[in-house]
Amino acid sequence: DDLADLLRRVAKAAQLDAFLFVSQPKTWRGAANPFATLGGQPSPSFAYATQIRGGFDHWLRTHYSKDAQKKLRKKARRLAERGAVSSFVARDEKAAREILAAFFAHRNARAEALGVANDFDDPAAVQFLEIAACEGLGEGGAAIELRGLRCGERVVAVFGGLAHSDRFCGMITSFDPDPDIARSSPG
């Protein structure tokens with residue numbers, strides 16, 4: 001009731017006809033989200049969330065069966081047979097642009113394979129990611145943090161998102177569509 005009253009007062013003061021709340025999490029930092037109590041429907045594209053407590057090895061053991069872990073190790077070995085596997089975070093513009101170039105190539109190949117439009121044919125979308133991932137890198141961080149996975153010298157997977165404190169919210173992801181790479185699930 002208090003939240004609904006607050007929204008009514010804000011709407012009246014700002015002369016708003018409506019509010020639109022989308023993708024509201026049910027909880028945030030362990031507390032119930034009051035906006036989620038206003039009603040609505042579950043998102044058709046819910047977000048996955050997890051906490052890594054006790055280190056990654058502990059998380060992996062508690063979230064994946066022994067059989068699934070065995071499959072992941074097999075995929076990792078298969079990928080490593082093609083070249084040394086390493087991950088990196090873009091800490092300078094050169095690395096950010098390398099990761100973005102791989103991302104755009106991956107997304108273009110996927111769009112072509114599916115026969116759909118590539119959202120990143122739009123120069124504004126490309127420019128947005130370039131600015132958000134490159135500006136501010138030297139001063140403590142860009143708006144979007146980019147992470148890449150290399151197999152040899154080739155970037156075979158990309159993950160980017162918003163990083164703050166102990167949180168990371170993924171925004172973009174891609175992987176190399178080459179069948180020999182893709183079957184190892186590098187993403």
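Let's start with A36. Leaving aside neighbours within four places in sequence, A36 is in contact with P25 and K26. Keep in mind that this is a predicted model. Where does A36 lie? In the loop between β2 (31-32) and α2 (56-63). Its relative accessibility is 32%, so A36 counts as partly exposed. Now compare positions. A36 and Q127 are 91 residues apart in sequence. In space, their C-alpha atoms are 34 Å apart.

Next, R29. This residue sits in the loop between β1 (27-28) and β2. Buried or exposed? R29 has a relative accessible area of 52%. The cut-off for exposed is over 50%, so R29 is exposed. What does R29 touch, beyond its neighbours within four places in sequence? D166 and R167.

Let me step back to the whole chain. The protein chain has six helices and six strands. From the N terminus, the order is α-β-β-α-α-β-α-α-β-β-β-α. The radius of gyration is 21 Å, and the globule rule gives 16 Å for 187 residues, so the chain is more spread out than a compact globule. Along the principal axes, the C-alpha atoms fill a box of roughly 65 × 45 × 40 Å.

Some totals for the chain. Buried residues are 27% of the 187. Take the contacts with a separation of 6 or more: 48% of them join residues 24 or more positions apart. The accessible surface is about 13600 Å². Carbon and sulfur atoms hold 54% of that surface. On charges, there are 26 positive and 23 negative. The mean positions of the two sets are 11 Å apart.

Now the inside. The largest nonpolar core has 22 residues. Which of them touch the most other members? F103, F104, L129, L146 and V158. Three elements, α4 (93-114), α5 (123-134) and β5 (154-164), each supply at least two residues of this core. The largest share comes from α4, with seven residues.

Look at F103 in detail. Not counting residues up to four places away in sequence, F103 touches F120, L129, V158, I172, T173 and S174. Apart from this core lies another one, of six residues. Its members include L79, C151, V156 and I181.

Stay with helix α4 for a moment. H106 is placed in this helix. Its relative accessible area is 5%. Buried means under 20%, so H106 is buried. What surrounds H106, once neighbours within four places in sequence are left aside? One run of contacts is V155, V156, A157 and V158. The other is S174, F175, D176 and P177. Two of these names came up earlier. V158 is among the residues that touch the most other members of the largest core. V156 belongs to the other core, the one of six residues.

Last stop, S184. This residue is found in the segment after α6 (179-182). Its relative accessibility is 5%, so S184 counts as buried. Which residues is S184 in contact with, leaving aside its neighbours within four places in sequence? K75, R78 and L79. And L79 is one of the residues in the core of six.

To close, put the four residues side by side. R29 is exposed. A36 is partly exposed. H106 is buried. S184 is buried.

Terms used
Residues numbered from 1 in each chain as written. Predicted model: local features only at pLDDT ≥ 70, side-chain atom pairs only at ≥ 80, totals over all residues. Heavy atoms only, no water. Helix = DSSP H or I, 4+ residues; strand = E, 2+ residues; numbered from the N terminus. Rg over C-alpha atoms; globule rule 2.2 N^0.38 Å. Buried < 20%, exposed > 50% of the residue type's maximum accessible area, 1.4 Å probe, protein only. Contact = heavy atoms within 4.5 Å. Areas by Shrake-Rupley, 256 points an atom, 1.4 Å probe, with all protein chains shown as cover. Lys, Arg positive; Asp, Glu negative; His and termini not counted. Charge placed at Lys NZ, Arg CZ, Asp CG, Glu CD. Core = buried A, V, L, I, M, F, W, Y, C linked by side-chain atoms within 4.5 Å.
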